[in-house]
Every structure is written in structure tokens, then in C-alpha cells.
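Work through the exercises below with the sequence and the model open. Try each task before you read its solution.

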Amino acid sequence: MTTPLPRLIPLISLISSIPVLANQQATDAFAPEIATGFTSKPLVTAENWMVTAANPTATQAGADVLKQGGNAVDAMVAVQLMLGLVEPQSSGIGGGSFLVYWDNETKKLTTFDGRETAPSAADENLFIGKDGKPMKFYDAVVGGRSVGTPGTVKLLWDVHQKYGQLDWAKIVEPIAAKAESGFVISARLAKLIANDTKFLAKHPTTASYMLQPDGSPKTQGTLLKNPEYAATLRLMAEKGSDGFYKGAVLNRLLMRYVMNPRLTQVSCHSRISLSIKSLSELRFAPHTSSMRYAEWVHRAVVL
């Protein structure tokens, strides 16, 4: 069994989450994403630095930042924001992230927990249907019911403020420009869109973005533009994390909660905090099937 390479840049490992859809609801036994093939790559070495990510456009964004004199944290911000554009099935500012940061000067390893948090009105009955039974996976996930307060932007902003070197806006603006001009749908993204067409068709936002006017999936090589993402990034470039957690973007997020009548009162997104722990504070719990279910239904879907 081949293990995917982690998304690494020098000194940093960032794990970002946003839910994706799989095939079989009947059994609720699923993989996070369907397999779309494997391509062998030659061994690559470097003397000073290296960036690797799940998409070459994101890798290039990180490399460009380093070439401009940025450090690993600066590159991490660029990579993650670009991944939110080019691999929306796996990454995005509407989800949460964990960061493992190694400071080579102090020889200290620190973890940052930017995982989503549930709205304040959420309770133990959130994923219980009208019949009193647990909802099927896709019934629970697709739509506003599964939306959590996103943590990724808070993590990126706070860590950059603490460790970053380049100006924040200088890092964010090129990704906004790319969102505006568009990117080419990769083979993997095309297969995932085709696999999840019936779910994407349920909401006008995802349907118009991922599907053709006739309802068929957009295919590999199609130029995909995201002006809304560009506008959000420019607010973040100007105002930092407040550009995401306050004002127009916050209002758009809250509107998605209206899709869930139970959560008309939601927690204030601007109150989200970042949990920071040293390695000595970490504790690991057994990973059970119920924990896996909770993880996936908890991840944010922000359309």
C-alpha cells in the first residue's frame, strides 16, 4: 500500500481539512476521497530548500515566495491559500488545519490547532433525523448542517504574525490574481467532480462552479475562474484574518447556516482562538470508527 506524501515545506507540516464526498452512502463506509491513479515521480534533491504540495501550482506559489526572500511560514501561507483554489475537494479556507512547526534555533517543536469548532447552538441531536435515528452520512454533510467555524485562516494569520517574514498582502495577492485569471482543472479534480456530480448539483453555487450549464461535470483542461475567492483573499490581504471573520465574508458564512433550521443562532466567528501546544503537551487517543465519523461530519463545507 502506498502512503501519500505529506504536504511539507521546510520546517513545516500543515494538515488541512475540508470534507469531500465518496461513493457509497448505504454502508457509510467510505474513504475521504476516491483514488484517481498513481504516478511515479523521480527522486528530487535540493541543497537549500524544497517545497512539495498536492498540486504543482501550489508548489510553485510556495517556491515563488521563497525566491522573494520569504521563509517557510510565508511559503506555507501561499501554498495553503493556493491549494484552496486548485484542489477544493481537499483544502480550503472554509475548513480547519493543524500545523507542526520546528524552530531550528531553539530546537523546539510546536503544534498549532486550527481545527473547526461547532456553532454554539449545536447539541448532541445535531445529526439526529426526524425519525430519532442518526442521519446517513451524506444527508448530514451536504449542506449547512455540517458547517463548523473555520480555523484555517486564523491559523495562517496568527502563525504568520509570529514567524512570517514577508508582508502578508504580498503573499496573498498573487493567489487572488490566480483565482481571478483562472486555473486549469487537473485530471484528479476532474475525476472527483465527475464522481460527485449529483451532490454538486444540489446547490446553485457548486453547480455553477463545477458543472456545465447542462449539468454535466466540467472536464480536465477546463479553465476555472473563482472571482469570489479572489475578492475574499483581497479582503484578507487588506485586513488580515478580520477580512474573513468579520464583515461581508462573515455574513456570507452565516447565511449558509440558514440552510440548517436548528442553527439559526451561531457562534461568532471572530471569537475563534488558536490552540498552541509544545510536543510535551501532546496526548494521543485511540482512533475509533465513531471518532472518524465525528471528524468527517465536523469538517466545514463553505460554498
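Buried means under 20% relative accessible area. Keep that cut-off at hand. The model is predicted.

**Exercise 1. Take stock of the fold.**
Find how many helices and strands the protein has, and what share of its residues is buried.

*Solution.*
- Step 1: Count the elements. The protein holds twelve helices and seven strands.
- Step 2: Turn to burial. Of the 303 residues, 46% are buried.
- Step 3: Check the contacts with a separation of 6 or more. Residues 24 or more positions apart account for 75% of them.
- Step 4: Look at the surface. The accessible area is about 15,900 Å². Carbon and sulfur atoms contribute 56% of that area.

**Exercise 2. Classify two ring pairs.**
A search of the whole structure gives six aromatic pairs. Decide which geometry the pair Tyr138 and Phe199 has, then do the same for Trp157 and Trp168.

*Solution.*
- Step 1: Start with Tyr138 and Phe199. Their ring centres are 4.6 Å apart and their planes meet at 40 degrees, so this pair is tilted.
- Step 2: Place both residues. Tyr138 sits in helix H3 (residues 137-141) and Phe199 in helix H7 (residues 197-200), so the pair ties together parts that are 61 residues apart in sequence.
- Step 3: Apply the burial cut-off. Both Tyr138 and Phe199 are buried.
- Step 4: Move to Trp157 and Trp168. Here the centres lie 5.0 Å apart and the planes stand at 90 degrees, so the pair is edge-to-face.
- Step 5: Place this pair too. Trp157 belongs to helix H4 (residues 152-163) and Trp168 to helix H5 (residues 168-181), so parts eleven residues apart in sequence are tied together.
- Step 6: Test Trp168 for burial. Its relative accessible area is 5%, so Trp168 is buried.

**Exercise 3. Find a ring cluster.**
Which residues do ring pairs link into a cluster?

*Solution.*
- Follow the ring pairs from residue to residue. They join Tyr101, Phe112 and Tyr163.

**Exercise 4. Describe the surroundings of Thr197.**
Is Thr197 buried or exposed, and what does its side chain reach?

*Solution.*
- Step 1: Locate the residue. Thr197 is in helix H7, the helix that also contains Phe199.
- Step 2: Compare with the cut-off. Thr197 has 17% relative accessibility, so it counts as buried.
- Step 3: Follow the side chain. The side chain of Thr197 reaches the backbone oxygen of Ile193 at 3.0 Å.
- Step 4: List the contacts, leaving out residues up to four places away in sequence. Thr197 touches Leu211, Gly215 and Pro217.

Notes:
Residues are numbered from 1 along each chain as its sequence is written. This is a predicted model: local features need pLDDT of at least 70, side-chain atom pairs count only at pLDDT 80 or more; totals for chains, interfaces and linings use all residues. Side-chain values use heavy atoms; hydrogens and water are left out. Helices (H or I, at least four residues) and strands (E, at least two) are DSSP runs, numbered from the N terminus. Buried means under 20% relative accessible area, exposed over 50%, partly exposed in between (1.4 Å probe, protein chains only). Contact means heavy atoms within 4.5 Å. Accessible areas come from the Shrake-Rupley method with a 1.4 Å probe; for residues, only the protein chains shown count as cover. Rings of Phe, Tyr and Trp (its six-membered ring) pair if their centres lie within 6.5 Å; planes under 30 degrees apart count as stacked, over 60 as edge-to-face and the rest as tilted. A polar contact is a pair of N or O atoms within 3.5 Å; within protein, one must be able to donate a hydrogen and the other to accept it, and residues adjacent in sequence count only if both atoms are side-chain atoms.
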